Amino acid sequence: MSRRTWWLLAAGIAALAILASWTGLHNQFAYDDVYVVQRDARIHTLHGAWRLFADSYWGKTAGGDGYRPLTNIGFALEWAVGNGSPLAFHAVNVALYAVLSVLVFWVAGFVLPYVPAWIAAALFAVHPVHVEAVANVVGQSELTVAVLLTLAVGLYLQARLVGPVSRWRQAAIAACYALAMLFKEHGIVLLALIPAAEILVVRSKDGFWKRLVALRPFMLVLLLVAMGYLLARSLVLVGDFAGFQPYVVFQGLHLSTSDRILTMIGVAPQWARLFLWPARLMTEYAPPYVDIAQGPSITQLPGLLLMIGVVGLAFTTWKRAPALSFGLWWVIIAMSPVSNLVLPAGFIIAERTLLFPSIGAMLAVGAVIPQVANWLYARRLAPVGAAVAALLIIAGAWRSAERSPVWHDNNTLFRQAIIDTPDSYRAHYMLGAWYIQNHRMRDGEAEYQKAMKLFQFDPFMAFSLAEGYRGFGLCKPAIDYYRWALAIEPSMPMGRRELGYCLLAEYKFDSAKVVALDAMRRGGKYPPLHEIFAKADSAEKFMAAHRQGATSGEMPDSLHITASTAAPSTGANQSTH
């Protein structure tokens, strides 16, 4: 194939990616964007941006999770260029998606014949499961990591298919690796993808072990890069290896490691559906829509058989159909940090995290196209196959373009979430929180009640509703939900101070002091807790004197505490992605 032809085909892939995603250009900030970009003052200036290398991804007031300094710096640059307009961020996302789709075509060309490679890349470019990564600003980290890792694999394969990898190219791959991890932690998977590419794609007369030994020095370099990143991450996040709080459902139910793994085994068919037939998309994969395992169950059997089948197929086809095996191993490796099987993640399924694994899924699809084409050709059905491929590409582009505006803003997104998954408690929880933030207490309360009927073990949901009540000056119902939250998760860092203020507002002084003392014992901040003690003591003395007739009139304003004494906090970050 001539270079001109290749670039024309690549331009077609880029055009498909833009066609599938351009409808998201007019989106505003939604979901995590609000906390990570719109409300994070660190992102609103380039002054001292280098300090973001020593800070967490989420701001301290929003949980202080994660370590993605280059993502934050990128957001700061886009904020400056666009003067805070969401358009700048969404334009970068669409551009990154087009570049990524072309890189997928490039890499697929090393693995597959060019026609299947183009079809695989085209299907990737219009894949509806990518909407969340492209249409939502914070998906930019997913896109950037995918670009860098795909580029690294392509650089490796381009060299190895004709000879050894030069030192300069190794340095470029290592640089891509370091940058990818600084954009998002799951970039670490390149350490496994390179050996997979060497064994399954590179054709060599050298034996398996000899090739691995030859690869060892380069892999040592990549390992040192990964260790350097993990060291920096642990220093910033104070030794926290995972860097993110586990999914709140896992915490609220105190789920064991085995039950978490069993839960995700049960979820495996959803992964397969999203890779291969993503007609139904959703933002909230949560109970009871997702079954939370309480030991082994028959509901996990389909997922177990699917996972065994995929791993078995990846092993058994590595010689007979290496392209198929490589695609499957790409999926397995890329899914490992986001699957909840190795480490607990902050979600059950987040569609945007399937962006990079889906490259492997489309490579696997491309690997079976020649066999399907031969079968159709033998039966004179080749035009039917071509028509089906074209229809799938058109349908994917249409579905993606239709879905992107769902991420326009929180009002649109949270309302759609109820339509997508009415049996997901978090869909109702998010809509309820949105209503209350917009001063629609009655509507918000109704959605919270629906959420709690579906699932009762999310302490942050109970805390969030309590904060909503307190914001409206309704401490009596707030007290019950603060206590509910703390009963579910006694180690929860918030709730006790707020409960103390509400107890004071309801003149329950002894209870307020007990709660404040408990908060102190758990390491709570001293000044506001001391205020609760001081107010409670002074109010008790005033009321005792009033009962004895030593004083008269209402309690002085200096002693009176209302529900709004401390402004309601946002509580835990509403997103779990």
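1. Asp32 is a buried residue, with a relative accessible area of 3%. This residue is a suitable starting point for a note on the structure, which is a predicted model. Asp32 forms a salt bridge with Arg352, and the closest N and O atoms of the pair are 3.1 Å apart. Asp32 lies in helix α2, whereas Arg352 is in the loop between α14 (322–335) and α15 (355–378), so the bridge ties together parts of the chain that are 320 residues apart in sequence.

2. The partner of Asp32 should be considered as well. Arg352 has a relative accessibility of 6% and therefore counts as buried, the cut-off for that class being under 20%. Arg352 and Asp32 also belong, together with Glu132, to a network of salt bridges. Side chains of opposite charge can pair when their charged atoms come close.

3. The structure holds 17 salt bridges in total, and two others may be set beside the pair just described. Arg399 is bridged to Glu402, with 3.0 Å between the closest N and O atoms. These two residues are three places apart in helix α16, which means that about one helical turn separates them. Arg399 counts as buried because its relative accessibility is 17%, while Glu402, with a relative accessible area of 39%, is partly exposed.

4. The other bridge joins Arg497 and Glu498, whose closest N and O atoms are 3.6 Å apart. Which of the two classes, buried or partly exposed, applies to Arg497? At 30% relative accessibility, Arg497 counts as partly exposed. Glu498, at 4%, counts as buried.

5. Asp40 is a further acidic residue that merits comment. Asp40 is found in the loop between α2 (32–38) and α3 (69–82), and its relative accessibility of 7% places it among buried residues. The side chain of Asp40 makes a polar contact of 2.6 Å with that of Arg42. When neighbours within four places in sequence are left aside, the residues in contact with Asp40 are Tyr35, Tyr57 and Gly59.

6. Turning to the nonpolar interior, the largest nonpolar core comprises 177 residues, and the members that touch the most others are Leu157, Phe326, Trp330 and Tyr425. Helix α4 (residues 86–111) supplies the largest share of this core, namely 14 residues. Apart from this core lies another, of 14 residues, including Val34, Ile43, Ala62 and Val137. In soluble globular proteins, nonpolar side chains tend to be buried together.

7. The surroundings of Trp330 can be given in detail. Which residues does Trp330 contact beyond its neighbours within four places in sequence? They are Val107, Thr150, Val153, Leu193, Phe356, Pro357, Ile359, Gly360 and Leu363.

8. Nonpolar side chains are also found at the surface. Leu276, Trp277, Trp375, Leu381, Val384, Val388 and Leu392 make a nonpolar surface patch of about 710 Å². Helix α16 (residues 382–403) gives the most to this patch, with three residues. Trp277, another member of the patch, lies in the loop between α12 (257–276) and α13 (301–316). Trp277 counts as exposed because its relative accessibility is 58%, the cut-off for that class being over 50%.

Notes. Residues are numbered from 1 along each chain as its sequence is written. This is a predicted model: local features need pLDDT of at least 70, side-chain atom pairs count only at pLDDT 80 or more; totals for chains, interfaces and linings use all residues. Side-chain values use heavy atoms; hydrogens and water are left out. A nonpolar core is a set of buried Ala, Val, Leu, Ile, Met, Phe, Trp, Tyr and Cys residues joined through side-chain atoms within 4.5 Å. Buried means under 20% relative accessible area, exposed over 50%, partly exposed in between (1.4 Å probe, protein chains only). Helices (H or I, at least four residues) and strands (E, at least two) are DSSP runs, numbered from the N terminus. Contact means heavy atoms within 4.5 Å. Patches are made of residues with over 30% relative accessible area and no salt bridge: like charges are joined within 9 Å, nonpolar side chains (Val, Leu, Ile, Met, Phe, Trp, Tyr) within 5 Å. Accessible areas come from the Shrake-Rupley method with a 1.4 Å probe; for residues, only the protein chains shown count as cover. A salt bridge is a side-chain nitrogen of Lys or Arg within 4 Å of a carboxyl oxygen of Asp or Glu. A polar contact is a pair of N or O atoms within 3.5 Å; within protein, one must be able to donate a hydrogen and the other to accept it, and residues adjacent in sequence count only if both atoms are side-chain atoms.
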